[in-house]
Amino acid sequence: FQIDWQQSYGSMATDIAYDIVQTNDGYLVAGAAYSGGGQVTCFEEGGGGGWLLKIDNFGNLLWQKCTVNRGAYRMVKAIGEPYFYLIGGSNDDPYPDAYNLWVAKIDTLGNIIWERTLGNNIGILSGDQYGEATADGGVIATAQIDSQGGDITHWHGGYDGWVIKLDSLGNTEWDQSIGSSQF
């Protein structure tokens with residue numbers, strides 16, 4: 001096998017790439033920046049802020065954008081549209097004191113078309129957010145929950161899987177919890 005190119009991005013601290021998607025002219029990389037310096041021009045004090053990179057087909061860094069209090073673990077291309085969905089976590093409104101599911105629709109320049117923080121005042125369990133684009137141009141996302149209220153309409157008790165479907169405009173179409181009353 002042959003390596004066409006390789007590149008390192010980041011600072012002298014821990015910076016993490018979580019996901020990558022191909023665009024017409026390169027790649028978008030979703031990650032977290034834990035420090036400034038090096039190639040990182042923005043970061044969140046005290047923890048990893050969301051870090052979105054655009055690289056060309058040769059690995060050259062074209063631009064970067066950061067999100068404070070929210071970050072993506074997964075990224076998927078919208079079906080039938082030139083947009084992408086970021087799926088991750090947020091400590092932002094409407095639930096600023098709890099970690100919740102964050103879904104954002106972005107364009108190829110990293111501009112946010114819309115974003116939603118979904119969950120409740122208690123929050124979700126961190127690190128288990130996933131998503132997939134749907135045929136109607138929307139997105140379906142998952143998280144692990146241990147409470148209900150807010151956007152979570154049902155909870156069986158214990159730790160449940162939570163699935164929520166958003167349309168292409170970010171409106172909730174439905175949500176469902178999967179689990180039992182046991183931890």
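Okay, so Arg70 and Asp92: their side chains meet in a salt bridge, at 3.4 Å, N to O. Keep in mind that this is a predicted model. Arg70 sits in strand S5, residues 70-77, while Asp92 is in the loop between strand S6, 84-90, and strand S7, 100-106, so this pair ties together parts that are 22 residues apart in sequence.

How buried or exposed are the two partners? Arg70 comes out at 16% relative accessibility, which counts as buried. Asp92 is at 23%, so that one is partly exposed. The cut-off here is 20%: under that we say buried. And the pair isn't on its own, since Arg70, Asp92 and Glu115 are linked in a network of salt bridges.

Now, the strand that carries Arg70. S5 belongs to an open sheet of four strands, in the order S5-S6-S7-S8, with antiparallel pairing. Which strands are at the edges? Those are S5 and S8, each pairing on one side only. On average, neighbouring strands in this sheet are turned by 20° against each other, if you ignore direction. Between S5 and S6, which run antiparallel, there are seven bridges. If you want one to click on, take Gly71: its bridge partner in S6 is Gly89.

Back to the charges. How many salt bridges does a search of the whole structure find? Seven. I'll show you two others.

One of them is Arg116 with Asp151, side chain to side chain, 3.8 Å from N to O. Arg116 is in strand S8, residues 112-118, and Asp151 is in the loop between strand S10, 139-145, and strand S11, 160-166, so here the pair ties together parts 35 residues apart in sequence. Arg116 has 23% relative accessibility, so we call it partly exposed. Remember S8 from a minute ago: that's an edge strand of the four-stranded sheet.

Then there's Asp136 with Lys165, another side-chain salt bridge, 3.0 Å, N to O. Again the pair links distant parts of the chain: Asp136 is in the loop between strand S9, 124-133, and S10, Lys165 is in strand S11, and they're 29 residues apart. Which partner is buried here, and which is partly exposed? Lys165 is the buried one, with a relative accessible area of 6%. Asp136 is at 47%, so partly exposed.

So, to recap: Arg70 is buried and bridges to Asp92, and Lys165 is buried and bridges to Asp136. In both cases the acid is partly exposed: Asp92 and Asp136. Okay, that's me done.

Terms used:
Residues are numbered from 1 along each chain as its sequence is written. This is a predicted model: local features need pLDDT of at least 70, side-chain atom pairs count only at pLDDT 80 or more; totals for chains, interfaces and linings use all residues. Side-chain values use heavy atoms; hydrogens and water are left out. A salt bridge is a side-chain nitrogen of Lys or Arg within 4 Å of a carboxyl oxygen of Asp or Glu. Helices (H or I, at least four residues) and strands (E, at least two) are DSSP runs, numbered from the N terminus. Buried means under 20% relative accessible area, exposed over 50%, partly exposed in between (1.4 Å probe, protein chains only). Two strands pair if DSSP finds at least two bridges between them. Axes are lines fitted to C-alpha atoms, for helices over the stretch in contact, and angles run from 0 to 180 degrees between N-to-C directions.
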